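The two exercises below are to be worked through with the sequence and the model in view. Each one sets a task and then gives its solution in steps.

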Number of protein chains: 2
Amino acid sequence: MRHKTGWWHRRLRGRGYRITVPRQIILEVLSRTSRHLSAEDIYIEVHRIYPQVGLTTVYRTLELLMRMGLIYKFDFGDGRARYELAEGPQGKLHHHHLICTGCGRVVDYTDFIEEEVDLLQKTEKGLSRKYNFKIQSHLIQFYGLCAECRKREE
Amino acid sequence: MRHKTGWWHRRLRGRGYRITVPRQIILEVLSRTSRHLSAEDIYIEVHRIYPQVGLTTVYRTLELLMRMGLIYKFDFGDGRARYELAEGPQGKLHHHHLICTGCGRVVDYTDFIEEEVDLLQKTEKGLSRKYNFKIQSHLIQFYGLCAECRKREE
DNA sequence: ATATCTGCAAAGACTTTGCATGAGA
DNA sequence: TCTCATGCAAAGTCTTTGCAGATAT
């Protein structure tokens, strides 16, 4: 175990999960990047640090971390899931995604989030009541063409 | 050609696409349902009406209709895409989805949409300017537990 | 010590592609 | 007639599963 104690240890240990090298490295990779990594992207990065890790373990770890709420899984429409650290002490700010339908590029934006909060809370409250759902989370994405793709379309 | 002229004829013909039996039936199935059908669901329904159709054609037709903006494609997180008619004369009202993370049930809601419009327009305008994107569409989904799944969790 | 975790290989699920035949305009 | 569209089979991707060996506690 070459890596120093992380903030997630208590979360895992608390539920009886073990702190293993692959888990630590996967979380490390996720916290170091600002990109939107697919399982294979993560596998490649992890593999660089610790070559004996397998893709299966990456998938299983991501599944676990997701169930624990440590990471989020996104679908940007290109047929593979993307993962990022949940917001929090080590995670990023709450943000949404702006996706280019031309080239698949994804931009994180944190603008207008404040204005959203009001509306979202109101909506969540209303939906909870009307449909008897206990709302846990939301997903907001915008789709469009980035500058380069727009040029190319001409 | 057993089916009467549909509103989509001009859209297809206008771009040089042919009006074929499978295309008509697929659109018919989509306009008759209020469910969120997967490609295979659609295949099954279409097959019932016109058994010689293949799943491949369903996929190809859905792809075409999507490119033309006649239908939308959604990902509710269960590994298969769902399709529905775009809003419009024959389509449904603009709505968003409320997804149960327990059983996968999806509820369409049209509440609070009006309040959203303001915010969305403002956000779209801001994002366009700041990131130089030409915004085309947005996706909003809420996730939570439906009443039954909440009961089951206790 | 022992229950959990991992890696490999194989299987599974959904979707796409190649190609010869069939059908719309 | 002559493209465009279809069906079948095969292939392609991403993801999950089974199982024996390895590892954390």
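**Exercise 1.** Which atom of DNA strand C lies 2.6 Å from a polar side-chain atom of T20(A)? Starting from this contact in the predicted model, describe how the protein surrounds DNA strand C.

*Solution.* The partner of the T20(A) side chain is a phosphate oxygen of DNA strand C. Next, look for further polar contacts with phosphate: the side chain of R80(B) places an N or O atom 2.4 Å from a phosphate oxygen of the strand, while V53(A) contributes a polar backbone atom at 3.4 Å from a phosphate oxygen. Then widen the view to the 20 residues that surround DNA strand C, where T57(A) and Y59(B) are also among the closest. Sugar and phosphate make up 63% of the strand's atoms that come within 4 Å of the protein. Finally, sort the surface by class, which gives six nonpolar, seven polar and seven charged residues, and by element, where α2 and α4 of chain A and α4 of chain B each supply at least two residues.

**Exercise 2.** Determine how the buried residues of α4(B) are arranged about the axis of the helix, and what they pack against.

*Solution.* Begin with the extent of the helix: α4(B) covers residues 55–67 and reaches 19 Å from its first C-alpha to its last, close to the 18 Å expected. The buried residues in α4(B) are V58(B), T61(B), L62(B), L64(B) and L65(B). Viewed down the axis, these buried residues fall within an arc of 165°, so they line one face of the helix. Their packing partners in chain B are the helices α1, α2 and α3 together with the strands β2 and β3. As a last step, pass beyond the helix to G69(B), which follows α4(B) and has a positive phi, near 80°.

Technical notes: Residues numbered from 1 in each chain as written. Chains lettered and ligands numbered in written order. Predicted model: local features only at pLDDT ≥ 70, side-chain atom pairs only at ≥ 80, totals over all residues. Heavy atoms only, no water. Helix = DSSP H or I, 4+ residues; strand = E, 2+ residues; numbered from the N terminus. Expected span 1.5 Å × (residues − 1). Buried < 20%, exposed > 50% of the residue type's maximum accessible area, 1.4 Å probe, protein only. Arc of directions from axis to C-beta. Contact = heavy atoms within 4.5 Å. Near = heavy atom within 4 Å. Polar contact = N/O pair within 3.5 Å; in protein donor to acceptor, adjacent residues only side chain to side chain. Nonpolar A, V, L, I, M, F, W, Y, C, P; charged D, E, K, R; others polar.
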